[in-house]
Amino acid sequence: MNQYPLWKNLLVMAIVLAGLLLAIPNFYGEDPALIVAKENGVGFTESEIEDIKVYLEEKEKSFSSISTKNNQLLIRFSDVESQINASDSIRSYLNRVATVALAFAPRTPNWMNKLDLNPMSLGLDLRGGVYFKFEVDLDAAIDQRINQYVTDINKSLIDQRIRRNIKKEGNRIRIELSNPEDYTATRRTIRDVDNLLRVTNSSNASITSMIVEMTEDQLKERRDFAIQQNILTMRNRVNELGVAEPIVQRQGLDRIIVQLPGVQDPTQAERILGATATLEFRLVCENENAFEAEEKGRAPIGCDLFYERSGNPVLLKKKAIVTGNQLVDASQNFSQGRPAVSIRLDSKGSKSMLETTKRNLNKPMAVLFIQQRQETKEENGVLVNSAVLEKEVINIATIRGVFSSQFEITGVSVYEANDLSILLRAGALAAPIFKVEEKTVGPSLGQDNIDKGFSAILIGLAVVIFFMAFYYKGFGLIANFGLLINLVLIVGILSLLQASLTLPGIAGIVLTVGMAVDANVLIFERIREEIRNGNSPQASITAGYQKVFATITDANVTTLIAALVLFTFGTGPIKGFAVTLSIGIITSLFTAILASRAVVNIVYGQRTIKKLRI
Amino acid sequence: MNIKKINFLSIRYITTCLSIILMLVSITSLVFRGLNPGIDFTGGFLVEVAYDEPPSIVEVRVNLEDAGYSDAIVQNFGSSRDLMIRILPRENLDNKVVGKQILDSLNSSTNSVQLRGSEFVSPQVGKELTEDGGLAMIFALILIMIYIMARFQWKFSIGAVIALVHDVLITLGIFSIFQLSFDLAVLAAILAVVGYSLNDTIVIFDRIRENFRAMRNTETIDILNTSITQTISRTIITSGTTLLVLFALYFIGGKSLEGFSLALIIGVLIGTYSSIFVASPSVLYLNVSTTDLIVTKKEEVDDGMP
């Protein structure tokens, strides 16, 4: 007789039920929604919610419901169009009080939400959105640091009146002393700036010349810092963009991946993410002729030559009053009807601004807009990206009064004011970045992919089910039952892991449907063979399952190896294929060996069978 | 016990010749024509657009040429209203500008156009991916070889790997001969083919191992033929169901999965053929014999004897 012990039957049942429970949220579908959260994290009061409702009704923006969860508002819509439509007006209504993010909210009932049961998360190619891969220019990060060392060491040597010639040679700093007696003092100075720096005397055996370098550890630390800082900044910027469930993560040595589901305008997203725009405030060199300097192609000592937006040359003092990293907050508003950015400085910046404005009343001050642009050039037959810094004077105003931490600047367009305030708020990138990959999937393409992918699954499934039932009769039905459970388990596990389902992922599921019957086919063919060899039906069933067990394991382990290699090397959507394929292999082993056997035992195991129809 | 068998291996010289010819043709095509790499590997810019009415491709090309994109590749994608436009990487290609410029130049006609999706890949990333893809393939082959070596015996391991190389080479060859677009999804499909083809081979090898132990004093070739015969219905049914779903994927799954499903269809067909006519003859050529598979019991040494 073929019978499972009770615990085995219960185990199979428990796994199937758990899979079913995990898979159920996927049948409810999702609503396009907006998530509104206050910047200070405090919840909304009843009256505030009422205000928003009234506002939306006034503006004739149709929504289906408003609910609160974790101090956030969740506004549901019937379609994506009204969601996007409403998001713009709510954003302008709440202005700087709250952030508004586009999202999809599952329609699962409350008790499921409480159990934290969620539907599968859909990848960008199914949901629509933008995918970026950026490369961090680590050489530039090192270069910046070296420049900083040169400035610091030089300043310190000037203070000590040490006569020297200091210059940067690639990643090294060469210091030549006019007076050999200053050697020890110079070494001490360098140690004070950073005692980890490696100093070697130049090979000319002359003690007056030395080379300063960063150690390997310092270089590594600097590179890691640049990437971490960039990821942090980009996270801030993404939050400013108002995207629900964004992904910002490091990939490999020097890459950062950004995924923005639901975003439909990649240009704005990229402008914000990749920009290194910042501001600098400088005094104008008043007593010099800018046109003369332009003609000579050389600025007078202590000044730099820049251009205004109109194309006029301007000479500005080399030393900045305040630089971009001293800005703590910025917001867009209007000043006398013109777009403006209001700015708040940190204490160091405020002090410097206060002193400068006090001493330079009625003198002109310039706002310098600094932006990095990516340029592709051909070098030795290979296309190489490089960063170009663009500096532009956007505004020159006369200092009318003394001010320190808070003020406004004008001279920008509405869009620039908006972008600039986002960028200044989110902080600067520690190193320039280049976009190396971008993928945009429009919402209609995403929906198409979902529709086509799922009909491929359904039709593939239908054909296989029909064939199995026709060919193996009763046993075929059992195999089909296993196939359905297999599908439920895959969906359940994907929902549990919250790994994003991509189009290749769907292809992986389809492939699994085709291959999952393999284990059952092996078993059934073996049972047939045993019967042909004259064995009793019950003995044939036992032998069938027993004899092919090793074969099934061997065959599946090798496919699993291929899937795992794919997972390790694959990126983006291909990873999704590897994930569903791997999960599918494991679940099909369970359904073919344990689950189908349990059913066979229940149906055939307890009675004497004269003839097995298989 | 009289075991029914079909003499599959009687035609082994013919099939081996056929396989060698196919492999040579594939190698020749791969060397001289190469693959037709997709944007994933070359880098560049790609847009997918949908028109309200089927556009004239010639007109679109002229418009793009006017906009300065004379190297653009324009293709129908899915339906006659959908177009895919691809631009290879070149100097000063500012991807921010390209997308807008292309859309503008397409929009100039009365037929309104909608952007469905776009993709930009820098040439460096494409190059890396090509290297990584090759490495992944080699890595997978080595791991699988080690596994089979551990579970079976080196002659089987070599037989399985010969069959795998055969499958991958011919699938790639077909993609090269017909210059089908070879993108990342196709590469993934080929790795899946590696897993699949092995699946088939292992089922037969497993049976060979079993029969070597059960049928002593039988000619090796008879054991191989018996094993193939015993597993042939399973081979056909599994390949059949897999092909059924793959055809569903090919015809219904949409344009972006076409290359993927095609690679798998070719791979499954060749993989099924190779597990019977490449893997099994290979172990025969390697002179596999009963002694290779019988576990030799260590003779117990009796220490108690004087």
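**Exercise 1. Determine the strand order of the open sheet in chain A, its edge strands, and the helices that pack on it.**

Step 1. In chain A, 4 strands form an open sheet in the order β6-β7-β9-β8, and their pairing is antiparallel. Strands (E, at least two residues) and helices (H or I, at least four residues) are DSSP runs, numbered from the N terminus. Two strands pair if DSSP finds at least two bridges between them. The model is predicted: local features need pLDDT of at least 70 and side-chain atom pairs count only at pLDDT 80 or more, while totals for chains, interfaces and linings use all residues. Residues are numbered from 1 along each chain as its sequence is written, and chains are lettered from A and ligands numbered from 1 in the order in which they are written.

Step 2. The edge strands are β6 (164-169) and β8 (198-201) of chain A, each of which pairs on one side only. From one strand to the next, the twist averages 20°. Such angles run from 0 to 180 degrees between N-to-C directions, with axes as lines fitted to C-alpha atoms, for helices over the stretch in contact.

Step 3. Strand β7 (residues 172-177) of chain A runs antiparallel to strand β9 (residues 209-213) of chain A, and 4 bridges join them. A:R174 has A:I211 in β9(A) as its bridge partner.

Step 4. Helix α6 (residues 138-159) of chain A packs on the sheet and touches β6 and β7 of chain A; its direction makes about 175° with that of β6(A). Helix α7 (residues 183-193) of chain A also packs on the sheet, touching β7, β8 and β9 of chain A, and its direction makes about 150° with that of β7(A). Two residues are in contact if their C-beta atoms, placed from the backbone, lie within 7 Å.

**Exercise 2. Describe how chain A touches chain B.**

Step 1. The contact involves 59 residues of chain A and 58 residues of chain B. On the side of chain A, α14(A) gives the most, with 14 residues.

Step 2. The residues on that side of chain A divide into 31 nonpolar, 15 polar and 13 charged. Here Ala, Val, Leu, Ile, Met, Phe, Trp, Tyr, Cys and Pro count as nonpolar, Asp, Glu, Lys and Arg as charged, and the others, Gly among them, as polar.

Step 3. Between the chains, β20(A) pairs with strand β5 (residues 113-121) of chain B in the antiparallel sense over 5 bridges. In β5(B), B:G117 is the bridge partner of A:V441.

Step 4. Within chain B, strand β2 (residues 44-51) pairs with β5(B) in the antiparallel sense over 8 bridges, and B:G44 stands opposite B:V121. Of the 9 residues of β5(B), 8 are buried; buried requires 20 or more other C-beta atoms, placed from the backbone, within 10 Å of the residue's own (exposed: 12 or fewer; partly exposed: in between).

**Exercise 3. Explain why chain B is more spread out than a compact globule.**

Step 1. Chain B has 10 helices and 6 strands. The radius of gyration of chain B is 26 Å, well over the 19 Å that the globule rule gives for 306 residues, so chain B is more spread out than a compact globule. This radius is taken over C-alpha atoms, and the rule is 2.2 Å times the number of residues to the power 0.38.

Step 2. The C-alpha trace of chain B spans about 100 × 45 × 30 Å along its principal axes.
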